[in-house]
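Hi,

Here is the structure I promised to pass on. Have a look at it first, and then read my notes below.

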Amino acid sequence: MTDTGLTRGAPGGRAKGDKQDRDWFELAVAAALPMAIALLALFFYIKAPVFMTANNWIAISVQVSALMTISIPFALLLMAGKIDLSVGSTLALCGVVAGLSFEPLGITGAVLLTLVVGTVVGLINGVMVSAVGMSPIIVTLGTLTLIRGLAQWLAPNPIFGFPEEFLVIGYERVFGLPILTWIMLVVICLGVGVMALLPIGPQIVALGVNQRAAFLVGLRVKAIGIGLYAATGFFVAVAALMSISRINSAPAGTLGIGVELSVLTAVLLGGIPFTGGKGSVLRVVLGVWLLGMLANGLILMNVPTELSLMTTGLVLIVAAGLDVLRARRS
Amino acid sequence: MRLEVNDLRKSYGPVAVLKGVDLAVEAGRVLAFLGANGAGKSTLLNCVSGAQEADSGDILVGDASLRGLGPRQVQDEGVAIIYQHFQVFEGLSVAENIFLGHEIRSSGCVDRRAQNAQARALLERLGVDDIDPRADLGSLGVGERKVVEIARALRLKPKFLILDEPTASLSDKEAKALHEVIRQAVANDGIGVIYVTHFLDEIPKIADDVTILRDGRILWTRPVGDVSIADMTDAISPDALVAGLEKIPFQADGPEVLRLEGLETSFVGPIDVALHPGEVLGIYGLMGAGRTELLECLSGAAPQSGGSMVFQGETRNFASPRAALDQGIALVASDRKEQSLFSSFAAVENLLVPHLGRAPLPRMLRNFSREGIEFERAARRLNIQPPNPRLQGQRFSGGNAQKIMVGRWLVDGAGLKLLLLDEPTQGVDIGARHELYEALADVKRKGSTIIVASSDATEICHLADKVMVLGRGRQVALIDNPHDEELLIELAHKAEHGTEEGVEGGAPQMEVVQ
C-alpha cells in the first residue's frame, strides 16, 4: 500500500500523517478480535484454572463444531450479500429425517438422504432468491417457519435411540481429536481454501460488493447464488448429523432452535458486514470460537445462563460499534 | 454581492484537475459555465458546494470564505446547488419534497396545510401555476421535477444557485419553461446563477455571461452577446482531439461481424446496421434516447423483443452477459460506480474478475503471479496511475478507474471480438481520455469491432467510422462519420422533440453511405 494518500490529493506532511494514523487504527481494529479472545482466555484462566487445559479446549471445539460447520458456508453467503435465516429449522428437519430413516435405510442410506434433504432445502431457497429474485430475508424467514412446521409434522414426538455405529461420530476420537473436531477442521479448511485459492472466491465477494456490475461483467450471478444456498443447506445437514450423534435424539420442536441467530452473531463478530461485500473466513472462525469460549468459560465460572446470554448480546453490540468506528475513519 | 473563486487548485494524486481557477458571478446575473467532459467542471462544482475540499485557493461569498465548509454549512452561507441527477422522491407530495428536512410544524406535527400554501406561493413566484403542491411527485414530468428542485433550493433563500446540466433530460418545451423559472428567480430575488450545460443553443436564451473551463483552467469569460456558438465550440473542444481513430483502416470487405436487422427491445428499435472487423460504430443521442438500452440488449443484459442479431454468421439472442461474453462480446457499462467498478476490490482483481476461472487464466487454482503479470501489462499499456495492483478500486481517480474497466477486455487471449462502450469517458480527465482513445485504437488495429455510445458529439466524431443517431429509441440516421458535431446535435434534437411539433415520423432518415 504505497499510495493510500491518493484520494487526499495533497502531497506532503498532512496526508502522510493521516495515512500512518489510519494504518495504526486499522491494525488496532484488526487486532481487536484476537485480542479479545486472548484477554477473555486469560480472564477465565484466572477465574477458573481448569479453563486452560487441553481437554477443556477440545471440549469447546466439540461444543462449537456444529455451529462452525454452519457458520463457514453462511459466511460465504453473507459475503455475497445474501442471508439464510432457515438454517436452524433445516437443522431440525435434517435431524428428524436422519432419525426416522436409520431403521428403514440403514446408516449410510440415512446419512445420504439427510445430506440430500439439506441440499434440496438450500436449492429451493437459492432458486427463490437468486433465480426468481425474491428478498433473501423474507424468503428464508418464510422457510424458517415452514420447515420447522414440516419437521414437527414428520416427528411430533422426539426421536431417540440411534444405532451405536452412528453414535460413535459423537464421541469417538481419531488421532487424539474427536471426530466432530476433525469434521469442523475440514470445513474450515474448505472455506479458507475456496476463498483464498479458487477463482470463485473473489466472484462470491463481487456479488456482495456490486451485484449489478457482477452481472454485467459476465459472472454467473444466479448459479453462484444458488450454489451458495445449496452449499449452506448441505453443511446444515452435516451439522444436523453432528448434533444428533452427540445428543442421541432429534426433538423436532427444539433441535436447532435459535441457531440462525447464533450463526449470525458469530459471523458478524467475524467482521462480515450485514450488507456483505467483504470478510475473511479465518476471522469468522475466531468469531465462532469467541462465542464458544464465552459460553464455556461462563459455565465454568458458574455464571447463570441469563447472564451469559446478556454477555453474548453485549459482545455483538461492541463489535458492531467497532465496525461503525472503522467505517467513519475511512 | 458576488461569488468568487480565487486560484482554486485540486489534484487527484499525480493528476491535476483544477490548475488555478478564477471565477466570479455577480448577484442578479446568470453565468453559463461550459467545458468538455473531464475539463474539471464537476470537481469545481464539488469544491464550491463543499462536497470536496480543494488543495489550495479560496471561495468567497461576499466576504465570507467557504473553504473547509461542508455541504450543509455552504448551504447556510447562501449557496445552493442542484445536481444533474434528480434528488426528489416519488411517493411524497410536491410540497413534502419542497419542505423535506425543513418541515413546517405546528404543535409538533407537520402542518400540511401551511406547507401546501407556502409551496403554492413559492411556485407561483416562479411563474408556475400548473403544479399542484398536493400532487404525488411521481405524477410529474422531468421538467416539473426540476422546477420542484429549484423551488426547494429557493425556499432557503440562497444568494447563489448552481445548476448542473438542468436541461440534460428535458424536452425543448420543458427546457423553455425551466429557463422562464430561472429568469423569474433571478429577477425576483436577485440571486446569482451558475448554469452548467452542454447545450450551446440554450445559452443565449438564459445566460448573461459565458465562461469556458478547459483542462482545469478558465479559458475566457465574455458577455453572451459577444460570442457565437462557433466560438464556444472551438473553445470547448481541444485541438488535440483532431486526429481521429477513423484514420486507422478497417476491413470493409471482411466478413460481417455483426448484423442487426430490425432489432427491437421494449424501448429501442428497429435498428439496422452491419459492422466489419475493426470498424467503429458511434451511437449518438441525447439522454434517454436509448443508447444504453441498445448496448445492454447487444450484451445480453436486456432482452431482445424483435428483429434479429447475427453475430459472426449465427443468429444470437443472448440470455445474459455471460452468454455474450462466451462469444467474445464485452460491455463497459456507463456509471462506473454503480455498474462496473468493485469499489473495495484491489486493482488486480477489478481488472481480472471477469476472467477468473476461464481462459486465459487457469480454470481451477488461481495463479497469483500470473494475475500480477496481467495487471502489470494492463497498467503499462493504459498507463494506469498509480500502477499498484493492491490499491482499492475506489481509490483511483475516475480516469484511472475507467482504464481498469476498459483494460478488463484488453487482456490477451480473452477473445474479444466486439467491444461495447457506454459513455466511456464520463468523469475522465483529458489525459486519461487520450490514453483510453489510444487503447481503443489498439483494439481497432487488432481487428475487434467497437460500438461506442456517447452524449459527447465530439467524442463520437473522433472515434467513429460510422455514426448512428438515436432519438426516442428510434434509429434516425446512419451515416459515415460526418466530422460535424453540430449536425449530430441537430439530428438528435430534432428526433427528440420532433413529434411535439407534429412532425410525427418526419425525422430525417439518412441513407447509409458505404
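To start with the contact between the chains: how many salt bridges are counted between chain A and chain B? The count is one. Please keep in mind that this is a predicted model.

That salt bridge is made by the side chains of Arg212(A) and Glu296(B), with 2.7 Å from N to O. Arg212(A) sits in helix α8 of chain A and Glu296(B) in helix α9 of chain B, so the pair links two chains. As background, side chains of opposite charge can pair when their charged atoms come close. Over all chains, a search of the whole structure turns up 33 salt bridges.

There is more to the interface than that pair. On the chain A side, 30 residues are in contact with 44 residues of chain B. Eight residue pairs, both members at pLDDT 80 or more, are in polar contact between the two chains. Three helices of chain A, α6 (179-197), α7 (200-209) and α8 (211-216), each supply at least two residues of the side that touches chain B. And the area? The size of an interface is often given as the accessible area lost when the parts come together. Here chain A and chain B bury about 2,900 Å² between them, and 61% of that is on carbon and sulfur atoms.

Now for chain B by itself. Its domain assignment gives domain 1 as 2-236 and domain 2 as 241-501. Taken over C-alpha atoms, the centres of domain 1 and domain 2 of chain B are 32 Å apart.

One sheet to look for in chain B is an open one of six strands, in the order β6-β9-β10-β3-β11-β12, with mixed pairing. Why does one side of β6 and of β12 of chain B lack a neighbour in the sheet? Both β6 (79-82) and β12 (217-223) stand at the edges and have a single partner strand each, so one side of each is left free of a neighbour there. On average, neighbouring strands of this sheet are turned by 20° against each other, direction ignored. Helix α5 (residues 142-155) of chain B packs on the sheet, where it touches β6 and β9 (160-164) of chain B. The direction of α5 makes about 165° with that of β6(B). Further in, strand β3 (residues 30-34) and strand β10 (residues 192-196) of chain B pair in the parallel sense, over four bridges. If you want one spot to click on, Val30(B) has Val193(B) in β10(B) as its bridge partner.

Another sheet of chain B is open as well, with four strands in the order β14-β13-β16-β17 and antiparallel pairing. Its edges are β14 (271-275) and β17 (314-316) of chain B, each with a single partner strand, so each has one side without a neighbour in the sheet. From one strand to the next, the twist averages 20°. Strands β13 (residues 258-264) and β16 (residues 306-311) of chain B run antiparallel and are joined by five bridges. Within that pair, Glu261(B) has Ser308(B) in β16(B) as its bridge partner. Helix α9 (residues 291-298) of chain B lies across β13, β14 and β16 of chain B, at about 120° to β13(B). You have met α9 of chain B already, as the helix that holds Glu296(B).

Finally, a few backbone details. A cis peptide bond joins Ala359(B) and Pro360(B), with omega at about 5°; Pro360(B) is in the loop between α12 (347-352) and α13 (368-382) of chain B. Gln385(B) and Pro386(B) are also joined by a cis peptide bond, with omega at about -10°, and Pro386(B) is in the loop between α13 and α14 (398-407) of chain B. In chain A, Phe175(A) has a positive phi of about 50° although it is not a glycine. You will find Phe175(A) in the loop between β2 (173-174) and β3 (177-178) of chain A.

Cheers

Note on methods:
Residues numbered from 1 in each chain as written. Chains lettered and ligands numbered in written order. Predicted model: local features only at pLDDT ≥ 70, side-chain atom pairs only at ≥ 80, totals over all residues. Heavy atoms only, no water. Pairing = 2+ DSSP bridges. Axes fitted to C-alpha atoms, helices over the stretch in contact; angles between N-to-C directions. Contact = heavy atoms within 4.5 Å. Domains from an automatic or database assignment. Buried area = accessible area lost by both parts, 1.4 Å probe. Salt bridge = Lys/Arg side-chain N within 4 Å of Asp/Glu carboxyl O. Polar contact = N/O pair within 3.5 Å; in protein donor to acceptor, adjacent residues only side chain to side chain.
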